[in-house]
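Here is a set of short exercises to work through with the coordinates open in your viewer. Try each task before you read its solution.

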Amino acid sequence: LTIGRPIAGYEALLLDHLGQLVPLGAAGELCIGGPALAAGYLHRPELTAAKFNTVAGLATGFSGRLYRTGDLARFEPDGNIDFLGRIDTQVKIRGFRVELAEIESLLLQWPGIRNAAVALKSGADGVQSLIAYLILDTENPLLDAKALRAYLRERLAPYMLPAALVPLATFPLLTSGKVDRKALPYPVSGDTPPSRELALP
């Protein structure tokens with residue numbers, strides 16, 4: 001989803017979890033600054049400290065306070081900003097930080113996938129894995145899982161590849177309407193989406 005550019009007099013920066021600028025095209029947290037930036041949250045000093053930061057010395061030359069929106073975004077070459085999701089979907093697996101929204105964004109670009117959610121799940125042995133949950137188009141409920149895995153391998157680091165692709169009819173939702181990732185089921189044998197590949201007898 002393209003959300004455009006900051007209006008005149010305002011600055012939009014994309015920062016990583018260390019507060020450093022991310023390169024063009026990379027995902028980062030959208031942080032905004034400008035003359036009308038609020039002083040903070042009313043009677044919430046701890047939240048104000050977490051969300052409002054001073055960013056003097058960044059490469060852009062902008063010096064002042066920024067508000068951390070919690071939105072994951074990236075800059076397009078034309079200067080427009082693409083919204084990718086929320087950073088509260090960031091997880092850590094085997095020492096690597098993973099933006100679940102980044103994987104979901106790639107999955108949604110695949111033909112036949114209507115909706116996607118990725119979650120970090122622990123198996124009975126305690127080993128954590130990334131699981132991709134998919135809602136397929138009702139008009140085209142078949143999915144070439146092998147081709148989809150190859151597509152993901154070309155675009156994601158190995159530690160970001162989902163260990164399983166699980167088709168669901170619907171996603172469990174929180175009262176806010178967001179996907180309840182904790183309620184997503186752990187995959188069982190046979191949870192692979194039906195494939196267009198034919199198996200000879």
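## Exercise 1: a buried aspartate

Aspartate 82 is found in strand 6 (residues 81-86); helices (H or I, at least four residues) and strands (E, at least two) are DSSP runs, numbered from the N terminus. This is a predicted model, in which local features need pLDDT of at least 70 and side-chain atom pairs count only at pLDDT 80 or more, while totals for chains, interfaces and linings use all residues. Residues are numbered from 1 along each chain as its sequence is written, and side-chain values use heavy atoms, with hydrogens and water left out.

**Task.** Determine whether aspartate 82 counts as buried or exposed, and which side chain it joins in a polar contact.

**Solution.**
1. Start with the classes: buried means under 20% relative accessible area, exposed over 50%, and partly exposed in between (1.4 Å probe, protein chains only).
2. Aspartate 82 has a relative accessibility of 9%, so it counts as buried.
3. Now look for its polar partner, a polar contact being a pair of N or O atoms within 3.5 Å; within protein, one must be able to donate a hydrogen and the other to accept it, and residues adjacent in sequence count only if both atoms are side-chain atoms.
4. The side chain of threonine 2 makes such a contact with that of aspartate 82, at 2.9 Å.
5. Finally, list the surroundings, with contact meaning heavy atoms within 4.5 Å. Neighbours within four places in sequence aside, aspartate 82 touches Leu1, Thr2, Leu72, Ala73, Arg74 and Glu76.

## Exercise 2: two faces of a helix

**Task.** Find which residues of helix 3 (residues 145-155) are buried, and which exposed residues its opposite face carries.

**Solution.**
1. The buried residues in helix 3 are Ala145, Leu148, Tyr151 and Leu152.
2. Viewed down the helix axis, the buried residues fall within an arc of 120° (taken from the directions from the axis to the C-beta atoms), so they line one face of helix 3.
3. On the face turned away from this buried side are the exposed residues Lys146, Arg153 and Glu154.
4. The cover over the buried residues of helix 3 includes helix 2 (100-108), strand 9 (113-122), strand 10 (128-136) and strand 11 (164-167).

## Exercise 3: a hairpin and its turn

**Task.** Work out how strand 7 and strand 8 are joined, and which residue in the turn has a positive phi.

**Solution.**
1. Two strands pair if DSSP finds at least two bridges between them. Strand 7 (residues 90-93) and strand 8 (residues 96-99) are antiparallel and joined by four bridges.
2. Isoleucine 93 faces phenylalanine 96 of strand 8.
3. Two residues separate the strands of this hairpin, and arginine 94 in the turn has a positive phi of about 50°.
4. Arginine 94 is not a glycine, and its relative accessible area of 58% makes it exposed.

## Exercise 4: the sheet

**Task.** Identify which strands stand at the edges of the open sheet of three strands.

**Solution.**
1. The strand order is 9-10-11, with mixed pairing.
2. Strand 9 and strand 11 each have a single partner strand, so they stand at the edges, with one side of each left without a neighbour in the sheet.
3. Strand 9 pairs with strand 10 in the antiparallel sense over nine bridges, and leucine 120 stands opposite leucine 130 in strand 10.
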